[in-house]
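Here's a walk through one model, starting at a single serine and working outwards to helices, rings and a few long-range pairs. Keep the structure open while you read.

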Amino acid sequence: MFRFAALALAMLVGFAPTTGLARDRNALWAVQGQHNTVYLLGSVHVLRAQEARLPPAMERAYQESERLVMEIDLDDPAVTDPQAMLEDVQRLAVLSGGQSLRQVLGSDYARSNALAQQAGLDLALLDQFAPWFVATTLLELELGKRGFSAEHGIEQTLAARAGRDRKPIEGLETVAQQLGVLAGMPLPMQKRFLMMTLEESGELDAELDVLIRAWRAGDTDALARVLTSAFDEFPDLYRRLTVDRNRAWAAQLANLLDDRDDYLVVVGALHLVGPDSVVEMLGKRGFKVVQQ
């Protein structure tokens, strides 16, 4: 239960609470440095237009911060240039050695294609691509049907505001590094990931509703339980997607706490909840991390 929606939330989706919703907690933390504050905003990456407004605590964190940090630097020309993005996709998402998606899926191809066509995706058009890329394409398609768009997501919204307000944005990693997390999975694991995505896509609506409620309430225990359980069948992907990256990010963020500027760090909610989170790793480094 929850695997498909949770993977979507972890890798693709962004939600913000509707305005006027009363709650005591947010997916937001504050870390005090010697001379500054670093805010950690648990985001996700696409959003429906009617939910795009930040709650007051997150709005204050943005206003108080001189600089923003995101998973990738959204105002970097290497990110905004479609040609550069295409080159990264071609290098990391296209199957090597003359392989095809049909060959990789083998006897499961016919059933997979039938399921994909129900979702409006023809696998024949993606025959040169690796299963991980097909799975994420399907996730984006399903979310798009439900009105979710990166254009309205927290990251792109804040990046646009930061541009107008002349607030610098820094990135924790590159697009190639992000794509490499999934591209580095062995093909048999990629195949399982794609098959699960195809088979569970019909359960998305009910599962997203549970996840959205947990996010809106700032219920970190529920988020951690749901999000981490999504990776029960993919421990290596969990390590690649969360633990390894969190460890690298915690070291980078610890350096920000020696600065004098206040920072707003915007990363996926998956990275800020649970025992392997950036929040826990910073705590182990001796920093006091307080949920807002």
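Start with Ser65, whose side chain reaches the backbone nitrogen of Leu264 at 3.4 Å. That counts as a polar contact, meaning a pair of N or O atoms within 3.5 Å; within protein, one must be able to donate a hydrogen and the other to accept it, and residues adjacent in sequence count only if both atoms are side-chain atoms. Before going further, note that this is a predicted model, where local features need pLDDT of at least 70 and side-chain atom pairs count only at pLDDT 80 or more, while totals for chains, interfaces and linings use all residues. Residues are numbered from 1 along each chain as its sequence is written, and side-chain values use heavy atoms, with hydrogens and water left out.

**Around Ser65 and helix 2**

Ser65 sits in the loop between helix 2 (56–64) and strand 3 (67–70). Helices (H or I, at least four residues) and strands (E, at least two) are DSSP runs, numbered from the N terminus. With 1% relative accessibility, Ser65 is buried; the cut-offs are under 20% relative accessible area for buried and over 50% for exposed, with partly exposed in between (1.4 Å probe, protein chains only). Not counting residues up to four places away in sequence, Ser65 touches Tyr39, Lys167, Asp262, Tyr263 and Leu264, where contact means heavy atoms within 4.5 Å.

Lys167 turns up again over the face of Tyr62, at 3.9 Å from the ring centre. To count as a charge over a ring, NZ of Lys or CZ of Arg has to be within 6 Å of the ring centre and within 35 degrees of the ring normal. Tyr62 is itself one of the buried residues of helix 2, along with Ala57, Met58 and Ala61. These residues cover an arc of only 140° around the axis, which puts them on the same side of helix 2; the arc is that of the directions from the helix axis to the C-beta atoms. They pack against strand 1 (28–32), strand 2, strand 3, helix 8, helix 11 (204–216) and strand 5 (263–268).

Next to Lys167 in the numbering is Arg166, in the loop between helix 8 (154–165) and strand 4 (169–171). Arg166 has a positive phi of about 60°, although it isn't a glycine. What is its relative accessible area, and is Arg166 buried or exposed? The area is 78%, so Arg166 is exposed.

**Helices 4 and 10**

Helix 4 (residues 82–93) has 12 residues that should span 16 Å at 1.5 Å a residue, and its end C-alpha atoms are 15 Å apart, which agrees. The expected span is 1.5 Å times one less than the number of residues. Asp88, Val89, Leu92 and Ala93 are the buried residues of helix 4. Looking down the axis, they fall within an arc of 100°, so they line one face of helix 4. Their packing partners are helix 7 (131–145) and helix 9 (175–183). At the start of helix 4, a side-chain oxygen of Asp81 comes to within 3.1 Å of the backbone nitrogen of Gln83.

Helix 10 (residues 187–200) has 14 residues and reaches 20 Å from its first C-alpha to its last, close to the expected 20 Å. Its buried residues include Met189, Phe193 and Leu198.

**Aromatic rings**

How many aromatic pairs does a search of the whole structure find? It finds three. Rings of Phe, Tyr and Trp (its six-membered ring) pair if their centres lie within 6.5 Å; planes under 30 degrees apart count as stacked, over 60 as edge-to-face and the rest as tilted. The rings of Trp132 and Phe133 have centres 5.7 Å apart and planes at 85°, so this pair is edge-to-face. Phe129 joins Trp132 and Phe133 in one aromatic cluster. Trp132 is buried at 3% relative accessible area, and Phe133 is buried at 18%.

**Across the sequence**

Here are three pairs, with C-alpha to C-alpha distances.

| Pair | Apart in sequence | Apart in space |
|---|---|---|
| Val46 and Phe148 | 102 residues | 5.6 Å |
| Asn255 and Gly33 | 222 residues | 9.6 Å |
| Ala254 and Leu138 | 116 residues | 36 Å |

Val46 lies in the loop between strand 2 (37–43) and helix 2, and is buried at 12% relative accessible area. Ala254 belongs to helix 13 (residues 235–256), as does Asn255. Ala254 is buried at 9% relative accessibility, whereas Asn255 is exposed at 54%. Leaving aside neighbours within four places in sequence, Ala254 is in contact with Leu282, Arg285 and Phe287.
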